[in-house]
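Biologist: Please show me the model, and then we can go through one histidine and the protein around it.

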Amino acid sequence: MCKIIVLSLRLISGDGTLRIWDVKSAACRLAIPAHKAEILSCDWCKYDQNIVATGSVDCSVCVWDLRNVRQPVNQLLGHTYAIRRVKFSPFSKAVLASCSYDFTVR
């Protein structure tokens, strides 16, 4: 899954890494070991370009501030199967939804 945002490209991978690429230079600007398992989804917060959410096979959602990636700003647990999709609300920067193969939306 890829998305172009302000000359950046984010790419998720099977090794649990979230990578932020500079489209102009074709260089990886940032590689975040975000999860212990494959990341299936990520979304950028349209209200703050430094905030990205990731959802993984490890059943967790992590919210990252790209200015400080040592640890997630928040880790959301509660699903019992892999996270299929994460999506920030288009109306509020404080609302994030996740859906899972456990047939729940949180």
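**A histidine in a loop**

Modeller: H35 lies in the loop between strand 4 (27-33) and strand 5 (39-44), where strands are DSSP runs of E of at least two residues, numbered from the N terminus. This is a predicted model, in which local features need pLDDT of at least 70, side-chain atom pairs count only at pLDDT 80 or more, and totals for chains, interfaces and linings use all residues. Residues are numbered from 1 along each chain as its sequence is written, and side-chain values use heavy atoms, with hydrogens and water left out.

Biologist: Is H35 buried or exposed?

Modeller: Buried means under 20% relative accessible area, exposed over 50%, and partly exposed in between (1.4 Å probe, protein chains only). With a relative accessible area of 9%, H35 is buried.

Biologist: Which side chain makes a polar contact of 2.7 Å with that of H35?

Modeller: A polar contact is a pair of N or O atoms within 3.5 Å; within protein, one must be able to donate a hydrogen and the other to accept it, and residues adjacent in sequence count only if both atoms are side-chain atoms. The side chain of D58 makes a polar contact with that of H35 at 3.1 Å. The partner at 2.7 Å is T54.

Biologist: Which strand gives the most to the largest nonpolar core?

Modeller: A nonpolar core is a set of buried Ala, Val, Leu, Ile, Met, Phe, Trp, Tyr and Cys residues joined through side-chain atoms within 4.5 Å. The largest one has 11 residues, among them L18, I39 and W64. Strand 3 (17-22), strand 5 and strand 7 (61-65) each give two or more residues to this core. With three residues, the one that gives the most is strand 5.

Key: Helices (H or I, at least four residues) and strands (E, at least two) are DSSP runs, numbered from the N terminus.
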